Amino acid sequence: MIHPLSDCQAVIPESSRVWQFCVVLPGAKIGENCNICSHCLVENGAVIGDNVTIKSGVQVWDGVTLEDWVFVGSNVTFTNDRNPKSRNKNWVMEPTLVKKGASIGAGSCILCGLTIGEGAVIGMGSVVTRDVPAGEVWTGNPAKFVRKVGEKEKK
């Protein structure tokens, strides 16, 4: 389903949904059974796997790969350039990889050039400046290790 108020220029599988006011550029790769909520942008060089949920207000830039079963909360900010400048012809894209089953909480910011490991969880509002190993929960600014996924939170 592609909402008529979206601008979807890429090939989208019938099982995936793109909601209103989204822009999906023609080179983007979108997997099966994805849900891309309203007010999102997916750039040409973005890769989105199967069963991915992207909540409202997220921009998935060139060089960002979201593997299968990834969850991206509302207003998560990805980056792809560590030294952004207006009209910089010599900019260097740094790819970001979010591995299978990882979840990123709403309002988080992900520095480019990083890998978020399989099944990792990023708490809402976190600023991720380093690679996050598989199966770990990270939160804060800058984000730091809190516990392993599945461990009970300490009170």
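1. Let me start with a cysteine. Cys112 is buried, its relative accessible area being 0%. The cysteine sulfur closest to that of Cys112 belongs to Cys109, and at 9.7 Å the gap is too far for a bond. A disulfide would need the two sulfur atoms within 2.5 Å. Keep in mind while reading that this is a predicted model.

2. Cys34 tells a similar story. Its relative accessibility is 0%, so Cys34 goes down as buried. How many disulfides does a search of the whole structure find? The result is zero. Cys34 accordingly sits in no disulfide, and the nearest cysteine sulfur, in Cys37, lies 11 Å away.

3. On to the overall make-up. The chain has 20 strands and zero helices. Its radius of gyration is 15 Å, close to the 15 Å from the globule rule for 155 residues, so the chain is as compact as a globular protein of that length. The C-alpha trace spans about 45 × 40 × 20 Å along the principal axes.

4. Some bulk numbers, in case you want them for a sanity check. Buried residues make up 40% of the 155 in the chain. The accessible surface is about 8300 Å², and carbon and sulfur atoms account for 54% of that. If you take the contacts between residues at least 6 apart in sequence, 16% of them join residues at least 24 apart.

5. Next, a sheet. Five strands form an open sheet with parallel pairing, in the order E4-E7-E10-E13-E16. Which strands are at the edges? They are E4 (29–30) and E16 (115–116), each of which pairs on one side only. At the E4 end, the parallel pairing with E7 (residues 47–48) runs over two bridges. For a residue-level handle on that pairing, look at Ile30, whose bridge partner in E7 is Ile48.

6. The E19/E20 pair is set up in another way. These two strands pair in the antiparallel sense, over five bridges, and a hairpin of two residues connects E19 to E20. Val137 has Arg147 in E20 as its bridge partner.

7. Now the charged pairs. How many salt bridges are there? The count comes to two. One of them is between Glu136 and Lys148, with an N to O distance of 3.5 Å. Glu136 is in strand E19 (residues 136–140) and Lys148 in strand E20 (residues 143–148), so the bridge links parts of the chain 12 residues apart. With the cut-off at 4 Å, the 3.5 Å pair qualifies.

8. Glu136 deserves a closer look. Is Glu136 buried or exposed? At 11% relative accessibility it is buried, because the limit for that label is under 20%. Its partner Lys148 is partly exposed, with a relative accessible area of 38%. Leaving aside residues up to four places away in sequence, Glu136 touches Ala120, Val121, Phe145, Arg147, Lys148 and Val149. That list includes the salt-bridge partner Lys148.

9. The other charged pair is Glu94 with Arg82, where the closest N and O atoms are 2.8 Å apart. Both residues lie in the loop between E12 and E13, so the pair ties together parts that are 12 residues apart in sequence. Glu94 is partly exposed at a relative accessible area of 22%. Arg82 also counts as partly exposed, with 38% relative accessibility.

10. Last, Arg87. Where does Arg87 sit? It is in the loop between strand E12 (77–78) and strand E13 (96–98). Its relative accessibility is 81%, so Arg87 counts as exposed, the threshold being over 50%. The C-alpha atom of Arg87 is 35 Å from that of Ala120, and the two residues are 33 apart along the chain. Ala120 has come up before, as one of the residues that Glu136 touches.

Key
Residues numbered from 1 in each chain as written. Predicted model: local features only at pLDDT ≥ 70, side-chain atom pairs only at ≥ 80, totals over all residues. Heavy atoms only, no water. Helix = DSSP H or I, 4+ residues; strand = E, 2+ residues; numbered from the N terminus. Buried < 20%, exposed > 50% of the residue type's maximum accessible area, 1.4 Å probe, protein only. Salt bridge = Lys/Arg side-chain N within 4 Å of Asp/Glu carboxyl O. Pairing = 2+ DSSP bridges. Contact = heavy atoms within 4.5 Å. Rg over C-alpha atoms; globule rule 2.2 N^0.38 Å. Areas by Shrake-Rupley, 256 points an atom, 1.4 Å probe, with all protein chains shown as cover.
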